[in-house]
Amino acid sequence: MERRLLLAILLTFLVLTAYQWLMPKPPPEANTPAATHSADTKASQSASPAPAVAPPPALPPVQTLVSSASEKTITVENGLVRAVFSNRGATLISWQLQKYHGPTGAPVDLVPHELPPGTPRPFSLKLDDAAKTARINEALYQAPETESVDARQSPATISFEYENAAGLRVQKSFRIEPNSYVISLSPVVTDGDRAVNPAIEFGPSLGDVLAIPAGGRYVRRAEGIYSTLGKVHRPAAAALTTTPRYDGPFEFAGVDTHYFIATAVKPGTATVEYHPSSIPTANSNPPIARDYIAYSIRFPQPPASVKFYVGPKELRALQSVDPQMVTAIWFGMFSFVSVPLLSALNWINGFVGNYGWSILVLTVLINAVMFPLRHKSFVSMRKMQEIQPQIKAIQDRYAKLKVTDPARQKMNTEMMDLYRAKGVNPASGCIPMVLTFPVLFAFYGLLSEAIELRGAPFMLWIKDLSAADPYYVTPILMGLSQLAQQRMAPAAADPAQQPMMMLMPVVFMFLFITSPSGLALYWLASNVLLIGQQALTNYLIGPPDIRTPRPAAERRLKKIGGSKTEAASEAE
């Protein structure tokens, strides 16, 4: 059983390693100033530049009744976001996250700056009439006189209005909460005396991948994301080109990348349509194109207000908006373990202030919980070691029989009788090991996906716990500690397993070389604590009492000799 378990664990790690090697690496960054200011805008190089978006058609002049004479911007700051709105189309032109920074140190901006004319901006509106759509998105709306709004203490509402002599009237109101990544839009569109139901467009924003430390492999390109009936779907850009439209009651629907998301929150019954695009970057040689995904959402009836979350996939921030939003973080199959672990890690970090030390504290707590199980496992393994010669003697007696021979069933019966007589459970040594691996895989997903650990330093050379150790120190120490632990553990029941057991630390060391350094730190700390517990257990239970059974022929001779001696004594 132990051999099959170890092989299964080894194969699982090999699959995980192969997966991260096969994941697309981030393409080279464009050598242009714009490459450092747009979030998720690390350039992807293509064989030929993507076609530019066609400029909007020239519109016949129409008298405006409510509008502005010139273009202006309004800046809103709420403590977490610096948002910039333009009165041209009453759209969002910048959404900077003040807590998160790109490789140049500038705040991450989730709205790209270089877009061809006619490209819909976030919160553009789309009508059934293309000409009217172009008119309301290019019009200069009447806007508040102020150029900046402070939303750090109380919610702020910004309203834009446009109306022309043809009877087309648009009102757009944005509401931003303090210290939040949520923005609400209330659109009202009328054409004459008829209410119009517009689609809300969230133009190209999240795209490519955000620049990450060199050597990092844990990146994922922009993809569609929506949750319906409690299940999260993540259609890739290639799938969206063939199936762009999705209907249903949604818990949320939008676009996400590895660390960021722009999504409608609790839209309910709606239709979402995705628009993947490849937009060339100006003045790039060789030609560089950036891959984006825009989307639009339309409701059965004109919506009174639509809430959007535009920000990091941060656990606490998502939970504060809607607990269902946590599923937007892709922790994998062990998310039911990763979410509590991340919550505990964030709680500990609130006191410690360093995620590296927080991982060590959490590791101590996890090992403290597992201490009784591991102690029982060590004691059971020691008992197995002590009765190993007797097990080997039973196996040798039936070694010449074929596996299919019914007589071999007696061997299993004798071994089970021996286990019962000695109070040994052959599976008890494996159970604690099995319990540790869901935690390991959960940490793997947590460190790969949680934005809280993106760029989080530990100390000395470890500047990013979500990236691999640049000098391989923690993986090597982890391998050495596991080797020491293997030497301290009771010898494997099957001598053929011993070389494999000694090879495991080497295999793990190479697997951890490309894993997040935080994961190697966790496993290293676990091994050190395991060595300490193993030493304590060995001290408490003492050395093994191994008795080698005499061969059957020797026992018979001794019995015969003993009988003759007894007979002679009686004769005397």
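This report describes aromatic pairing and strand pairing in a predicted model.

Residues are numbered from 1 along each chain as its sequence is written, and side-chain values use heavy atoms, with hydrogens and water left out. Because the model is predicted, local features need pLDDT of at least 70 and side-chain atom pairs count only at pLDDT 80 or more, whereas totals for chains, interfaces and linings use all residues.

**Aromatic pairs**

The structure holds 20 aromatic pairs, where rings of Phe, Tyr and Trp (its six-membered ring) pair if their centres lie within 6.5 Å; planes under 30 degrees apart count as stacked, over 60 as edge-to-face and the rest as tilted. One of these pairs is formed by Tyr226 and Phe250, which meet edge-to-face at 5.6 Å centre to centre, with 80° between the planes. This pair links distant parts of the chain, since Tyr226 lies in strand E14 (residues 223–228) and Phe250 in strand E16 (residues 245–256), 24 residues apart. Strands (E, at least two residues) are DSSP runs, numbered from the N terminus. Tyr226 is buried, at a relative accessible area of 10%, and Phe250 is buried at 4%; buried means under 20% relative accessible area, exposed over 50% and partly exposed in between (1.4 Å probe, protein chains only). Tyr226 and Phe250 also belong to one aromatic cluster, together with Phe85, Phe123, Phe160, Phe174, Phe202, Tyr246, Tyr274, Tyr295 and Phe308.

**Strand pairing**

Strand E19 (residues 306–312) is mostly covered, with six of its seven residues buried. Two strands pair if DSSP finds at least two bridges between them. Strand E19 pairs with E11 and with E17. The table sets out these two pairings and that of E4 with E5.

| Strands | Bridges | Sense | Citation |
|---|---|---|---|
| E11 (residues 182–191) and E19 | four bridges | antiparallel | |
| E17 (residues 260–280) and E19 | six bridges | antiparallel | |
| E4 (residues 81–86) and E5 (residues 91–101) | six bridges | antiparallel | |

Within these pairings, Leu185 stands opposite Val306 in E19, Ala262 stands opposite Val310 in E19, and Ser86 stands opposite Thr91 in E5.

**The five-stranded sheet**

Strands E4 and E5 are part of an open sheet of five strands with mixed pairing and the order E6-E5-E4-E3-E8. Strand E6 (107–109) and strand E8 (148–150) stand at the edges; each has a single partner strand, so one side of each is left without a neighbour in the sheet. The twist averages 20° from one strand to the next, with axes taken as lines fitted to C-alpha atoms and angles running from 0 to 180 degrees between N-to-C directions.
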